[in-house]
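This report walks through a single protein chain, beginning with one residue and its surroundings and then widening to helix packing, overall form and loops. Please keep the sequence and the model in view while reading.

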Amino acid sequence: MSVGVVSVRYARALLEYSIEERVEDVMYKNMQRLAAVFVQSKELLLLLQSPSLSNDGKTELLCDVVEEPIEQYRRFVANVMKQGREELFRYIAYAYISLYRENKNIVSVKLTTSYGIDEQLSQKIVDMVKSKYDTLNVELDCTVDSSLIGGFVLEADSMRLDASVKGALSKIEKKIVDESRRLV
């Protein structure tokens with residue numbers, strides 16, 4: 001069975017269990033932290049795959065990286081370890097986050113600007129996304145990337161709006177290259 005299918009099954013079971021136990025919000029924070037650590041540290045994946053580290057050691061490691069793991073998280077990690085599926089944790093975390101957002105009707109938005117933005121502009125963006133997606137729940141992640149030169153890049157669900165100077169220059173460059181290829 002494919003990694004994606006199995007990971008989603010585990011994530012769905014974890015979400016249902018978390019809802020039953022009324023800890024889905026805390027579990028969401030645990031899974032966000034776990035996913036962030038997987039992005040930041042390639043060593044974590046290598047440690048999970050290491051045969052020299054026991055299942056108990058791997059369980060403790062995955063509990064330590066989320067800082068304040070809840071008991072339900074500990075039990076879930078131990079159960080997945082017992083099944084020998086430790087290589088799936090990264091995908092389970094991503095799937096749980098996605099299923100949780102779907103369940104809570106949350107739209108995740110990433111805004112990258114060439115400079116920081118103030119709270120008022122953040123709120124305008126959140127309000128715009130709320131009306132476009134007909135939702136009350138928006139998670140806005142703002143980052144600064146000076147390489148954009150000016151403007152912004154807005155990503156929400158599968159939509160990407162590049163209104164940056166860097167993006168415009170890239171389009172112009174591509175157009176010039178395409179035109180020059182036709183001339184040759």
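## A residue in helix α2 and its partners

Leaving aside residues up to four places away in sequence, N30 touches V66, E68, P69, I70 and Y73. The model in which these contacts appear is a predicted one, and the contacts listed here are those with heavy atoms within 4.5 Å. N30 itself belongs to helix α2, which covers residues 24-40.

Is N30 buried or exposed? Its relative accessibility is 4%, and because buried means under 20% relative accessible area, N30 counts as buried.

## Packing of α2 against α3

Two packed helices are described by the angle between their axes and the distance between the axes. For helix α2 and helix α3, the latter formed by residues 42-49, the axes come within 5 Å and cross at roughly 100°. That crossing makes α2 roughly perpendicular to α3, since angles from 65 to 115 degrees are placed in that class.

The contact itself is made by L34, V37, F38, V39 and Q40 on the side of α2, which meet K42, L44, L45 and L48 on the side of α3. Sorted by character, the residues of this contact divide into seven nonpolar, one polar and one charged. L45, one of the α3 residues in that contact, also serves as a reference point for E87: the two are 42 residues apart along the chain, and their C-alpha atoms are separated by 7.3 Å.

## The chain as a whole

The secondary structure of the chain comes to eight helices and four strands. Followed along the sequence, these elements give the pattern α-α-α-α-α-α-β-α-β-β-β-α. The radius of gyration of the chain is 21 Å, which is well over the 16 Å that the globule rule gives for 184 residues, so the chain is more spread out than a compact globule. Along its principal axes, the C-alpha trace spans about 60 × 45 × 30 Å.

Of the 184 residues, 36% count as buried, and the chain exposes about 11400 Å², of which carbon and sulfur atoms supply 52%. Where contacts join residues at least 6 apart in sequence, 65% of them link residues at least 24 apart.

## The loop between α5 and α6

Helix α5 (71-82) and helix α6 (89-104) are joined by a loop in which R85 is found, and E87 is likewise found in the loop between α5 and α6. R85, at 30% relative accessibility, counts as partly exposed, and E87 is partly exposed too, with a relative accessible area of 32%.

What does R85 touch, not counting residues up to four places away in sequence? Its partners are V6, Y10 and V80. A separation of 9.3 Å between C-alpha atoms is found for R85 and S7, although these residues are 78 residues apart along the chain.

## Pairs separated in space

Other pairs in the chain have wider C-alpha separations. L121 is found in helix α7, which runs over residues 119-133, and at 35% relative accessibility it counts as partly exposed. L121 and I19 are 102 residues apart in sequence and 34 Å apart in space, taken from C-alpha to C-alpha.

E173 is found in helix α8, formed by residues 165-183, and at 53% relative accessibility E173 counts as exposed. From C-alpha to C-alpha, E173 and R101 are 38 Å apart in space, with their positions 72 residues apart in sequence.

## Positive phi in two loops

Most residues other than glycine have a negative phi. R22 has a positive value, with phi near 60°, in a residue other than glycine, and its place is in the loop between α1 (3-21) and α2. At 74% relative accessibility, R22 counts as exposed.

D134 is also not a glycine and has a positive phi of about 50°. This residue is found in the loop between α7 and β2, the strand spanning 137-144. D134 is exposed as well, with a relative accessible area of 67%.

Key: Residues numbered from 1 in each chain as written. Predicted model: local features only at pLDDT ≥ 70, side-chain atom pairs only at ≥ 80, totals over all residues. Heavy atoms only, no water. Axes fitted to C-alpha atoms, helices over the stretch in contact; angles between N-to-C directions. Parallel < 35°, antiparallel > 145°, perpendicular 65-115°, else oblique. Nonpolar A, V, L, I, M, F, W, Y, C, P; charged D, E, K, R; others polar. Rg over C-alpha atoms; globule rule 2.2 N^0.38 Å. Buried < 20%, exposed > 50% of the residue type's maximum accessible area, 1.4 Å probe, protein only. Areas by Shrake-Rupley, 256 points an atom, 1.4 Å probe, with all protein chains shown as cover.
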